[in-house]
Amino acid sequence: MFRNTMIHKRTAEEIEEYRLSSLLVGETLSEVGKHIKPGVKTSMLDRVAEEYIRDNGAIPAFKGYNGFPASLCISINEVVVHGIPGNREIREGDIVSIDCGTELNGWIGDSAYTFALIGVTQEAEDLIRVTKESLILGIDKCRLGNRIGDLSFQVQSYCEQHGYGVVRELCGHGVGRKMHENPEVPNYGRSGTGIKFLEGMIIAIEPMITLKDKAVVFENDGWTCRTRDFSYSAHFEHDVAITKSGPIILSSFEKIENTIKQNNNLVLV
Ligand code: MG
Ligand code: MG
C-alpha cells in the first residue's frame with residue numbers, strides 16, 4: 001500500500017501542532033451532527049463540513065484525494081467506508097459513519113464516527129458500541145514495547161467474540177503530513193507480530209466492523225465499500241500519538257457526543 005517504508009517520529013511540539021488539525025475534525029463532525037435528521041441528503045452534510053473546515057482556515061483533506069469528490073465519506077448502514085455524498089437521504093433507524101479529514105498548517109487530521117438515528121435497531125446499536133469499544137481497547141495496546149499486532153489482535157478478538165466480522169481489505173495507517181503514511185495498522189492480526197511502536201509515531205486506528213459476514217464489495221463508482229451480504233457496518237477512527245507515558249488520543253469525540261445529546265434525531269450509543 002505504501003511505497004515509502006519510512007516511519008515518521010514526531011516531536012512533542014509537532015504532536016501538539018498536529019492535534020489542532022485532529023481536533024478540527026471532531027469539531028467538524030460535531031457541526032455536521034447538528035444537521036443530521038431523517039430526510040436530509042448526504043450532499044447537504046458534505047457542504048456543511050466543507051464550509052466549516054474552510055471557515056476555520058483549513059482545507060478538506062479528502063476532497064481531490066486520489067480523485068475523491070467530496071469533503072466527507074458518508075457511509076450508511078451496509079456501506080462500510082468511502083461512501084460518496086450525494087442524493088441518498090438519511091432515514092430513521094439508519095446508522096451513518098462519517099469520516100472526515102482536515103489539513104491545517106500542513107497536518108492532516110483524520111477521524112470518523114458512526115451516528116445512530118432514532119429508531120435504530122438494538123443489533124445495530126450493539127454493533128456501534130462494540131466497534132467503539134474495540135477502538136478504545138486497541139488504543140490501550142499502543143505502548144512502547146508492544147507491536148502493531150498487539151493492537152490488531154485486540155481489535156479483532158474483541159469484535160469476533162461478539163460474533164462480528166472484521167473487514168480485511170482496508171486498515172488504519174500512519175498519519176501526519178500526509179493522510180496515509182507508514183505503518184499500516186490492520187484491525188486483525190497476531191499478538192507479538194509487526195513493527196514495534198516507536199515514540200513519536202502518530203497513527204490513525206480505524207476498526208471497520210460488520211454485523212455478519214466480513215466480506216465486502218466495491219461499487220462501480222470506484223469508492224463505495226459495502227458489506228457483500230448488505231448487513232450493517234460501523235466505523236470509528238481516532239488519531240493516536242505514541243509517547244513514553246502511553247498513547248495520547250489526539251482526535252476527540254467529546255463535541256460530537258455533546259451534539260448527539262442535543263439532537264433529538266440521534267441516539268447516543
Ligand atoms: Mg478517516
Ligand atoms: Mg484513516
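This passage describes the metal site, one sheet with its packed helices, and the largest nonpolar core of a predicted model.

The magnesium ion (ligand 1) is held by oxygen donors from three residues: D99 contributes two OD contacts, D110 one OD contact and E237 one OE contact, at 2.0 to 2.4 Å. Along the chain, these donors follow the spacing D-x10-D-x126-E. D99 belongs to strand 4 (residues 95-104) and D110 to strand 5 (residues 107-117), so the pair ties together parts that are 11 residues apart in sequence. D110 also serves a second ion, bridging the magnesium ion (ligand 1) and the magnesium ion (ligand 2), which are 3.2 Å apart. Burial in this model is assigned under 20% relative accessible area. D99 is buried, at 7%, and D110 is likewise buried, at 2%.

An open sheet is formed by five strands in the order 8-7-9-14-15, with antiparallel pairing. Its edges are strand 8 (181-185) and strand 15 (246-249); each has a single partner strand, so one side of each is left without a neighbour in the sheet. From one strand to the next, the twist averages 25°. In general, the strands of a sheet pair through backbone hydrogen bonds, in either a parallel or an antiparallel manner. Here, strand 14 (residues 238-243) and strand 15 run antiparallel and are joined by four bridges. Within this pairing, V240 has I249 of strand 15 as its bridge partner.

Two helices that pack on the sheet are considered next. Helix 3 (residues 122-139) touches strand 9 (202-205), strand 14 and strand 15. The direction of helix 3 makes about 15° with that of strand 14. Helix 4 (residues 148-161) touches strand 8 and strand 9, and its direction makes about 40° with that of strand 8. Strand 9 is therefore in contact with both helix 3 and helix 4.

The largest nonpolar core has 55 residues, of which I98, I203 and I205 touch the most other members. Helix 3 supplies the largest share of this core, with six residues. When residues up to four places away in sequence are not counted, the contacts of I98 include L29, V32, I36 and L45. I98 also touches L72, C73 and I74, as well as S111, A112, Y113 and F115.

Definitions and conventions. Residues are numbered from 1 along each chain as its sequence is written. Chains are lettered from A and ligands numbered from 1 in the order in which they are written. This is a predicted model: local features need pLDDT of at least 70, side-chain atom pairs count only at pLDDT 80 or more; totals for chains, interfaces and linings use all residues. Side-chain values use heavy atoms; hydrogens and water are left out. Donors are N, O and S atoms within 2.8 Å of the metal (3.2 Å for Na, K and Ca); water is not among the atoms, so sites may look incomplete. Buried means under 20% relative accessible area, exposed over 50%, partly exposed in between (1.4 Å probe, protein chains only). Two strands pair if DSSP finds at least two bridges between them. Axes are lines fitted to C-alpha atoms, for helices over the stretch in contact, and angles run from 0 to 180 degrees between N-to-C directions. Contact means heavy atoms within 4.5 Å. A nonpolar core is a set of buried Ala, Val, Leu, Ile, Met, Phe, Trp, Tyr and Cys residues joined through side-chain atoms within 4.5 Å.
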